[in-house]
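Visitor: I'm new here and would like to learn how to read a structure like this one. Could you show it to me and take me through a few features?

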Amino acid sequence: MRYRYLGDTGLSVSELCFGAMTFGGGATFLGAGDRNWSEFGTVDDGNVLRMMDQALDAGINFFDTADVYKNGMGEEFFGRTLNKVRDRVIIGTKGRWRITDDPNDVGATRHHLYAAVENSLRRLNTDYIDLYHIHGFDPRTSLDETLRVLDDLVRSGKIRYIGVSNFAGWQLMKALAVSDRRNLSRFVCYQGYYNIAARDLEREIVPLAVDQKVGITAWSPLAGGFLTGKYRRGEGRPEGSRLAERTPAESAPLTDENQAYDIVDEMARIADERGATVAQVALNWVLAKPGITSAVVGATKPHQLADNLQAMEWSLSEDELARLDKVSETAAPYPYWHIGTVGADRKQPGDIYPA
């Protein structure tokens with residue numbers, strides 16, 4: 001396993017982060033508002049234990065969950081399986097979304113975050129959370145309030161670092177500015193949707209994160225399974241597959257589906273040349289990009305996790321990266337095309353801002 005520092009914290013985390021979104025669930029599980037999160041996949045206790053052992057044996061020390069995943073089942077599994085190695089692992093969880101019908105059980109308010117953190121600590125069976133993310137922007141609550149309560153929780157020792165997920169660039173930059181102005185704890189990590197078939201994060205978040213020394217963890221680096229190569233052009237979504245379900249498909253959109261099939265074809269050629277799999281190529285591409293600290297992988301079966309772990313045994317060459325960058329390139333919207341043409345007179349090799 002390879003490790004990278006998380007932002008400017010000096011905290012070493014594994015390049016693969018194991019996520020618990022699929023842990024637990026089943027046909028009878030219903031979340032808030034009768035939403036069944038099991039459409040993202042379900043894993044029984046036996047396979048959870050096997051995959052957690054796999055992850056730990058491979059050197060993964062970074063684990064990701066959220067209170068909303070199966071109404072806390074993911075947190076409960078981590079609480080049971082990571083207890084004996086608690087001081088050697090980094091556990092990240094999140095809060096923001098609704099779990100119950102209580103009108104105040106939502107948002108990034110002082111009221112909700114205090115309760116959410118206490119509940120997460122109980123389910124995780126731990127005294128502290130290594131990395132706590134705000135799971136999405138809350139337009140009804142001021143960033144001052146949110147950051148003050150997070151700072152209070154850090155000072156109390158219940159949280160060690162804070163992060164954010166799914167913010168727009170201006171929202172993240174405003175939050176960092178509020179923290180700097182008020183001398184409050186700063187977001188050290190951004191968790192966002194990023195893969196070779198959906199490169200939107202490169203427009204603003206990546207340059208911002210690199211500039212502000214915020215680590216990036218990529219969720220759905222395999223686009224909900226599309227980038228494993230099991231989906232073929234003209235065949236639609238196989239019945240029973242995750243992307244045949246509406247909610248998972250909407251949660252891992254492709255920038256251009258026709259182009260995405262071209263990308264998979266090119267990755268398949270590289271995989272054949274390497275004696276690897278398409279999924280391993282997709283993971284290696286994400287980990288080779290600027291600003292990325294870790295890729296969050298999930299699995300419903302041990303063999304899927306084993307395949308992902310094998311991606312750590314090799315890296316893409318510069319030529320292979322260039323081939324993949326070319327086939328996955330998309331037209332830049334304004335003002336990025338302007339930055340890349342008129343504004344390129346001051347650009348130097350290695351600059352992160354959009355070309």
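Guide: Let's go through the core, a cavity and some salt bridges.

Guide: A word on the ground rules: this is a predicted model, where local features need pLDDT of at least 70, side-chain atom pairs count only at pLDDT 80 or more, and totals for chains, interfaces and linings use all residues. Residues are numbered from 1 along each chain as its sequence is written, and side-chain values use heavy atoms, with hydrogens and water left out.

Visitor: Which residues have the most contacts inside the largest nonpolar core?

Guide: In soluble globular proteins, nonpolar side chains tend to be buried together. A nonpolar core here is a set of buried Ala, Val, Leu, Ile, Met, Phe, Trp, Tyr and Cys residues joined through side-chain atoms within 4.5 Å; buried means under 20% relative accessible area, exposed over 50%, and partly exposed in between, with a 1.4 Å probe and protein chains only. The largest core has 89 residues, and F18, F23, F187, L227 and M267 have the most contacts inside it. Helix α9 (residues 278-287) gives the most to this core, with eight residues; helices are DSSP runs of H or I, at least four residues, and strands are runs of E, at least two, numbered from the N terminus.

Visitor: How many cavities of 30 Å³ or more does the structure hold?

Guide: Rolling a probe the size of a water molecule over the atoms shows where empty space is left. On a 1 Å grid over the protein atoms alone, a cavity is a set of points where a 1.4 Å probe fits but cannot get out, and lining residues have an atom within 4 Å of a point. Points are joined across faces, edges and corners, and the volume is the space filled by probe spheres set on them. There is one such cavity, with about 60 Å³ of space. Its lining includes F187, I134 and L147.

Visitor: Where do R86 and D130 lie, the two that meet in a salt bridge?

Guide: Side chains of opposite charge can pair when their charged atoms come close. The rule is a side-chain nitrogen of Lys or Arg within 4 Å of a carboxyl oxygen of Asp or Glu, and the count comes to 18 salt bridges. R86 and D130 pair at 2.9 Å, N to O. R86 is in the loop between α2 (73-81) and β5 (90-95) and D130 in strand β6 (residues 129-134), so the pair ties together parts 44 residues apart in sequence. R86 is buried at 12%, and D130 is buried at 5%.

Technical notes
On a 1 Å grid over the protein atoms alone, a cavity is a set of points where a 1.4 Å probe fits but cannot get out, and a pocket is an open set with protein on both sides within 12 Å along at least five of seven lines; lining residues have an atom within 4 Å of a point.
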